[in-house]
Number of protein chains: 2
Amino acid sequence: MAKSHKTLRTPGLERALDRLEHLCRARGQRLTRQRRAVLSSLLSAGRALSAYELLERLRPEDAKSTPASVYRSLDFLMALGVVHRLESTRSFIACEHPETPHWVQFLICRRCGQVVEAEDERIAAATERLGQRLGFALDQRVVELTGVCEGCRGSAARH
Amino acid sequence: MAKSHKTLRTPGLERALDRLEHLCRARGQRLTRQRRAVLSSLLSAGRALSAYELLERLRPEDAKSTPASVYRSLDFLMALGVVHRLESTRSFIACEHPETPHWVQFLICRRCGQVVEAEDERIAAATERLGQRLGFALDQRVVELTGVCEGCRGSAARH
DNA sequence: GGGTATTTGATACAAAGTATCATTAAGCGG
DNA sequence: CCGCTTAATGATACTTTGTATCAAATACCC
């Protein structure tokens with residue numbers, strides 16, 4: 001079987017896939033074709049995709065993908081920290097800062113769908129503090145801020 | 001038709017329903033039997049319920065409830081700010097601070113399901129600031145912190 | 001109590017996510 | 001490169017969550 005499917009030679013994508021390989025190796029986990037494909041798809045989409053949108057994009061290359069298999073790959077990639085789920089839009093996005101294991105926040109434009117991943121120290125500290133104050137040992141923090149991005153506010157009228 | 005179904009005379013519940021009535025009146029919106037029932041159910045559950053759990057609790061009293069009607073009531077109550085949706089658990093909970101129109105955060109215990117609603121100034125300020133820094137005019141903020149509450153950490157072993 | 005706009009009921013459907021178990025393949029050791 | 005073993009996938013069916021549509025009912029104003 002040919003080795004390079006149609007891997008658009010985006011350097012960012014290459015780097016991300018290499019990183020994925022190293023992560024898997026380091027943790028003794030298997031890097032399968034589908035896991036690679038899911039991450040690639042999310043990266044080249046350049047936006048958040050629902051699991052079923054993702055499935056559609058995988059189908060042309062891999063006709064045997066199913067919802068279950070896509071969700072399994074997504075779960076795997078989320079456990080590695082290279083993919084995040086956006087709870088408020090029920091969609092998935094490739095992580096932009098996979099090097100740092102910090103907590104992230106998402107800003108979502110309700111007009112254009114753009115998602116910006118942030119890593120704000122102030123928010124991280126404040127949430128940790130709140131958890132402590134209320135006696136919670138936190139292990140997951142969903143911070144998703146929705147609004148209208150600068151571009152969308154400028155260009156279109158109020159609509 | 002009898003006026004008092006089985007309204008357990010919890011003072012908190014009474015107050016909440018009165019507040020709902022005032023809110024509706026003030027906004028010229030209709031307060032229907034189902035909307036009252038949905039809020040009552042959520043309040044007396046004392047925890048977050050999925051839309052379908054809620055439906056089951058309504059059915060004995062109101063056999064004609066359907067998913068659509070429950071979601072419609074929930075949407076209405078959320079627009080008034082007296083109910084919130086927990087995105088990370090796909091469930092709904094009655095608001096504890098409906099007087100103040102501030103942004104709230106939720107702490108969710110993954111062991112016992114307890115949900116604490118907080119209103120942390122520090123987090124509110126930090127998220128607003130982040131939005132400004134990145135050029136977003138925010139209109140919705142989902143902050144859901146999941147972990148293990150004090151009680152659950154103390155009582156059960158690590159499990 | 002009557003009129004009217006809003007809400008609900010009924011039905012059907014779409015979208016999102018999971019369980020199970022037989023089959024396949026990733027990655028190791030030789 | 002080859003087989004071995006374990007982990008992952010494929011296939012299928014199903015559960016949960018959420019919506020569209022339109023006729024019938026009802027909350028609220030007068």
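Here are two short exercises on a predicted model, with worked solutions. Residues count from 1 along each chain as its sequence is written, and chains are lettered from A in the order in which they are written. Local features need pLDDT of at least 70, side-chain atom pairs count only at pLDDT 80 or more, and side-chain values use heavy atoms, with hydrogens and water left out.

**Exercise 1.** Work out where L54(A) sits and which residues it touches.

*Solution.*
- Start with the element: L54(A) belongs to helix α3, residues 51-58 of chain A. Helices here are DSSP runs of H or I with at least four residues, and strands are E runs of at least two.
- Next, exposure: L54(A) has a relative accessible area of 0%, and buried means under 20% (1.4 Å probe, protein chains only).
- Now the contacts, meaning heavy atoms within 4.5 Å. Leaving out residues up to four places away in sequence, L54(A) touches V38(A), S41(A), L42(A), L49(A), V70(A) and L74(A).

**Exercise 2.** Trace the order of the 6 strands in the open sheet and find its edges.

*Solution.*
- Two strands pair if DSSP finds at least two bridges between them. The order reads β4(A)-β3(A)-β5(A)-β5(B)-β3(B)-β4(B), with mixed pairing.
- The edges are β4 (115-118) of chain A and β4 (115-118) of chain B; each has a single partner strand, so one side of each lacks a neighbour in the sheet.
- Zoom in on one pair: β3 (residues 105-109) and β5 (residues 137-148) of chain A run parallel over 4 bridges. In this pair, F106(A) stands opposite E144(A) in β5(A).

Key: Buried < 20%, exposed > 50% of the residue type's maximum accessible area, 1.4 Å probe, protein only.
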